[in-house]
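User: Could you take a close look at the salt bridges in this model for me? I'd like to know which side chains pair up and how buried or exposed they are.

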Amino acid sequence: MDRINLLEYSKLTDTIQYDAILKHLKPFNSFLKGSIDFNKLTYKDVRSCLHLMKSINDWNNAKDLFSLAFNINSDLFFDAAIDEYYSAQNYLVKTFKELQERETKLLQSINSDAGFWEMAGGDRLNKFSNLMPLVQLGEIYHIYPYDLQNKPYNEILTLLVLHKEKSEVNEAYSKLKSKK
């Protein structure tokens with residue numbers, strides 16, 4: 001197996017000997033001297049990365065994904081060594097999977113009114129799932145939701161978790177107070 005760059009790899013007709021080894025490389029947060037930093041990635045960037053990850057096998061999408069996630073010059077993408085790419089890809093996939101799991105866990109709530117919400121047609125809003133958190137924060141802070149998408153992802157997630165917890169405490173408080 002030769003040490004080749006992404007351009008050479010992308011032109012191979014048979015990549016089995018590379019794929020068998022490279023997909024097991026240790027994940028590493030580095031690609032062409034760039035790294036993933038969730039304190040700098042915006043909410044919009046994270047959502048774009050998650051969307052691009054669905055078609056990571058397309059080289060143009062992979063180039064866009066890596067350019068955005070690792071904050072690199074897209075013109076240099078195909079110059080990267082294949083082992084660097086796979087190590088970075090393993091990190092990217094692992095990290096974004098963990099991010100989605102953490103986000104789901106943090107924002108999940110057990111709401112006794114969930115059945116009523118569904119019966120009222122709340123599931124129709126699922127097609128707007130990427131925008132709904134921004135709409136919620138926009139309503140709270142009286143900000144246009146699209147203005148929030150350029151805020152750092154970690155800030156948006158923190159505010160969402162804060163308001164979820166606050167809402168749950170307020171609901172529990174109201175129930176205790178009504179039993180008084």
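**Salt bridges up close**

Analyst: Let's start with Glu 98, which is partly exposed at 39% relative accessibility. Keep in mind that this is a predicted model. The side chain of Glu 98 pairs with that of Lys 94 in a salt bridge, at 3.7 Å from N to O. Lys 94 is partly exposed too, with a relative accessible area of 39%. Both sit in helix α5 (residues 82–107), and because they are 4 residues apart there, about one helical turn separates them.

Helix α9 (residues 153–179) has a pair with that spacing: Lys 175 and Glu 171 are 4 residues apart, so about one helical turn lies between them. Their salt bridge has its closest N and O atoms 3.6 Å apart. Lys 175 comes out as partly exposed, with a relative accessible area of 45%, and Glu 171 is partly exposed as well, at 33%. Shared partners also make a network here: salt bridges join Lys 164, Glu 165 and Glu 168 into one.

Within that network, Lys 164 and Glu 165 form a salt bridge whose closest N and O atoms are 3.3 Å apart. Lys 164 is buried, with a relative accessible area of 16%; the cut-off for buried is under 20%. Glu 165, on the other hand, is partly exposed at 38%.

As for the full tally, the model has 6 salt bridges, the ones described here among them.

Terms used:
Residues numbered from 1 in each chain as written. Predicted model: local features only at pLDDT ≥ 70, side-chain atom pairs only at ≥ 80, totals over all residues. Heavy atoms only, no water. Salt bridge = Lys/Arg side-chain N within 4 Å of Asp/Glu carboxyl O. Helix = DSSP H or I, 4+ residues; strand = E, 2+ residues; numbered from the N terminus. Buried < 20%, exposed > 50% of the residue type's maximum accessible area, 1.4 Å probe, protein only.
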